[in-house]
Amino acid sequence: MDQERKRVIRAKQDLSEFDYLYRKYFPMINNFAFHRVNNESDRREIVSNVFFKAMKKISLFQYLDSRRCSFSAWLYRIAVNEINQYYRNQKRGDKLVEIYQFNQVEGTEMGISYDLVKQKLEEIPPDERNLVALKYFEKLSYKELGEIYKKSEGAMKVKLHRIMNKLRESINKEIDDERS
Amino acid sequence: MKGLEIKLEEMKVPVCEDEQFAYRLRRNLLDRYYKSANGYRFKFRAVLAACCLLLVFGCITIIKPDVALKINNLAFHEEKKIIPAEQDVSNLENLSYTSIFNPHLSNELDPDKFQEDKTYLVRKYVSSEQGGLMIVSEFDRNGKKQSAKRISF
């Protein structure tokens with residue numbers, strides 16, 4: 001954590017440190033945006049905004065947040081805010097969303113498919129979707145979620161539990177329909 | 001569907017690989033922050049040099065005001081106004097005719113019946129072009145304030 005903090009501080013001047021951070025965190029942020037946004041150009045725009053904002057406000061992280069959260073949590077927080085803003089704008093502008101083609105992963109007999117979960121996520125509010133995506137698509141821990149949302153691990157567990165109850169009902173209904 | 005959470009954790013999640021975009025974004029970030037950083041570095045050095053110069057001038061002004069005055073004169077071509085020294089009038093007590101106890105007056109008045117009211121100093125200046133000028137300066141007894149009254153040209 002401390003080593004990472006030093007790298008982040010140096011990244012403002014040192015190209016090699018910046019390169020290290022970019023290579024490390026780009027796939028994470030890109031994947032998260034990919035899970036949350038269907039449109040390819042919108043995803044790219046969100047990821048660009050996240051990194052541009054991060055570079056611009058890296059001093060804020062250095063002085064305010066570096067003791068409280070990791071750099072990855074700080075980046076995810078920017079991404080969450082960007083995605084929420086994107087959905088607010090989309091709602092306002094009533095944009096037509098193109099479905100982005102990606103490698104579909106089929107669900108196993110006993111398990112559930114990514115497509116089904118993603119489809120059911122559309123039924124819950126965008127910020128709750130972010131939480132599910134971070135937890136189950138990005139595989140983050142409750143501690144990391146707490147750092148992103150500036151809440152305790154317990155609070156994140158409760159929040160996610162409530163979201164999962166909603167999602168469970170919806171997915172159960174879908175599976176029952178398929179079986180019948 | 002009791003173990004939804006477990007199933008979600010075991011779920012296969014697709015990975016988005018976009019190397020072209022990653023490369024392009026990296027280039028954009030470098031262009032924006034590292035190339036502009038060089039420009040800022042130059043500006044920072046220029047401002048720092050100017051600040052140091054100002055600091056030196058400030059120190060000179062405090063420590064050696066004469067040097068600052070010379071620099072100021074040199075920069076703005078202003079000539080220092082030389083105030084001519086006036087005649088020393090501090091030894092008024094030695095002039096007997098400034099007092100009422102004057103031998104020429106002793107037959108005409110009794111100096112003991114007079115009280116000194118005010119003291120004036122009269123200076124006369126003469127100019128061949130602009131005529132004469134008399135300045136009457138009134139001495140305050142308390143020594144707080146000295147006023148000069150223009151009485152004639």
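## A guided tour, starting at one lysine

Select A:Lys139 to begin: this residue is partly exposed, with a relative accessible area of 40%. The model in your viewer is a predicted one, and every stop below refers to that prediction.

**Stop 1: two lysines in loops.** Stay on A:Lys139 and look at the chain on either side. A:Lys139 sits in the loop that links helix 7 (126-137) to helix 8 (142-149) of chain A. Now check its backbone: phi is near 55 degrees, a positive value in a residue other than glycine. Most residues other than glycine have a negative phi.

Next, select A:Lys150. You will find A:Lys150 in the loop between helix 8 and helix 9 (153-179) of chain A. Phi of A:Lys150 is near 55 degrees, again a positive value in a residue other than glycine. Is A:Lys150 buried or exposed? A:Lys150 counts as exposed because its relative accessible area is 58%, and the cut-off for exposed is over 50%.

**Stop 2: the whole of chain A.** Zoom out and colour chain A by secondary structure. How many helices and strands are there in chain A? Chain A has 9 helices and 0 strands, so a walk from the N terminus reads α-α-α-α-α-α-α-α-α. Of its 180 residues, 52% count as buried. Now think about which parts of the chain touch. Among contacts in chain A with a separation of 6 or more, 64% are between residues 24 or more positions apart.

**Stop 3: a serine in helix 5.** Select A:Ser72, which belongs to helix 5 of chain A. A:Ser72 counts as buried because its relative accessibility is 11%, and buried means under 20%. Show its side chain together with that of A:Ser70: a polar contact of 3.1 Å joins the two. Leaving out residues up to four places away in sequence, A:Ser72 touches A:Tyr25 and A:Met28.

**Stop 4: the nonpolar core.** In soluble globular proteins, nonpolar side chains tend to be buried together. To see the largest nonpolar core here, select A:Phe51, A:Leu134, A:Phe137, B:Leu25 and B:Leu29; of the 68 residues in this core, these touch the most other members. Helix 5 (residues 71-93) of chain A gives the largest share of the core, 11 residues.

Keep A:Leu134 highlighted and display what surrounds it. Apart from neighbours within four places in sequence, A:Leu134 is in contact with several residues, including A:Phe32, A:Tyr76, A:Val80, A:Leu140 and A:Ile148. A:Lys139, where the tour began, is also one of the contacts of A:Leu134.

**Stop 5: where the chains meet.** Finally, colour chain A and chain B differently. Here 25 residues of chain B are in contact with 42 residues of chain A. Between them the two chains bury about 3,200 Å², 67% of it on carbon and sulfur atoms.

Which salt bridge can you pick out by selecting A:Asp19? A:Asp19 forms one with B:Arg26, and the closest N and O atoms are 2.4 Å apart. Across the interface the rule finds 4 salt bridges, as well as 10 residue pairs in polar contact.

Now select the elements that give two or more residues to the side of chain B that touches chain A: they are helix 1 (4-10) and helix 2 (19-63) of chain B. Helix 2 of chain B supplies the largest share of that side, 11 residues. Colour that side by class to end the tour: 15 residues are nonpolar, 1 is polar and 9 are charged.

Key
Residues numbered from 1 in each chain as written. Chains lettered and ligands numbered in written order. Predicted model: local features only at pLDDT ≥ 70, side-chain atom pairs only at ≥ 80, totals over all residues. Heavy atoms only, no water. Contact = heavy atoms within 4.5 Å. Buried area = accessible area lost by both parts, 1.4 Å probe. Salt bridge = Lys/Arg side-chain N within 4 Å of Asp/Glu carboxyl O. Polar contact = N/O pair within 3.5 Å; in protein donor to acceptor, adjacent residues only side chain to side chain. Helix = DSSP H or I, 4+ residues; strand = E, 2+ residues; numbered from the N terminus. Nonpolar A, V, L, I, M, F, W, Y, C, P; charged D, E, K, R; others polar. Core = buried A, V, L, I, M, F, W, Y, C linked by side-chain atoms within 4.5 Å. Buried < 20%, exposed > 50% of the residue type's maximum accessible area, 1.4 Å probe, protein only.
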